[in-house]
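Please examine the structure shown here, beginning with its largest pocket and moving on to the core and one strand pair.

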Amino acid sequence: MSDPDFPADDDLTVVRVDQFFPHPPAKVWRALTEPELLVQWQMQGTEAFRLEVGHRYTLTSVPRPNSNFSGTVDVRVLAFEPERMLSVRWTDADPANSADWTITWRLEHEGRGTRLFLVHEGFDPDDPAQMMARTIMGGGWRTQVMRALGHALERM
């Protein structure tokens, strides 16, 4: 599917993922926004998520020194449109890490399912650690996260 807001390019500041799920947008939206479902496929700490602009919570994962990731992400909900879009800001809890990213999920009804677009932006192409983070996170979003989200959707 071609989407003018989702160009296929080599922009080093962004990771883009385009994934189809054979589930209606309402169901995918629930998996993206209900804490009891988020815990099935996202990092630890998602149980504290609230669908409220300005809400803050913390995610934890394995530290990755090669990408300057401390293992702790401070998250703030930036915007949402029910069953259409969710945008959050991620910053590394360690002020020495320059990670300051925006993650935007956009849902589009497609046939009997949902096309889910993820845009993870804000990578610094001049920072080798940020480029390592982009590589790691790009692979993680496309494989582990989308697979885990798909499994959570199947269990719902």
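Helix α3 gives the most to the lining of the largest pocket, with 8 residues; helices (H or I, at least four residues) and strands (E, at least two) are DSSP runs, numbered from the N terminus. This is a predicted model, in which local features need pLDDT of at least 70, side-chain atom pairs count only at pLDDT 80 or more, and totals for chains, interfaces and linings use all residues. Residues are numbered from 1 along each chain as its sequence is written, and side-chain values use heavy atoms, with hydrogens and water left out.

The largest pocket holds about 590 Å³ of space. Of its 23 lining residues, Met-43, Ser-61, Met-137, Gln-144 and Val-145 are the closest to its centre. The elements giving two or more residues to this lining are β4 (85–92) and α3 (128–155). On a 1 Å grid over the protein atoms alone, a pocket is an open set of points where a 1.4 Å probe fits, with protein on both sides within 12 Å along at least five of seven lines, and lining residues have an atom within 4 Å of a point. Grid points are joined across faces, edges and corners, and a volume is the space filled by probe spheres set on the points.

Helix α3 also supplies the largest share of the largest nonpolar core, 9 residues. That core has 36 residues, and those with the most contacts inside it include Trp-41, Trp-90, Trp-141 and Leu-149. Such a core is a set of buried Ala, Val, Leu, Ile, Met, Phe, Trp, Tyr and Cys residues joined through side-chain atoms within 4.5 Å. In soluble globular proteins, nonpolar side chains tend to be buried together.

Two of these residues deserve a closer look. Trp-90 lies in strand β4 and is buried, with a relative accessible area of 7%; buried means under 20% relative accessible area, exposed over 50%, and partly exposed in between (1.4 Å probe, protein chains only). Beyond its neighbours within four places in sequence, Trp-90 is in contact (heavy atoms within 4.5 Å) with residues including Met-43, Leu-59, Val-73, Met-137 and Trp-141. Leu-149, leaving out residues up to four places away in sequence, touches Phe-21, Ala-31, Trp-41 and Leu-116.

Leu-59 leads to strand β2 (residues 56–60), where Tyr-57 and Leu-59 form the covered face and Arg-56, Thr-58 and Thr-60 the uncovered one. In a regular strand the side chains alternate between the two faces of the sheet. Strand β2 pairs with β3 (residues 72–81) in the antiparallel sense over 5 bridges, pairing requiring that DSSP find at least two bridges between the strands. Within this pair, Leu-59 stands opposite Val-73.
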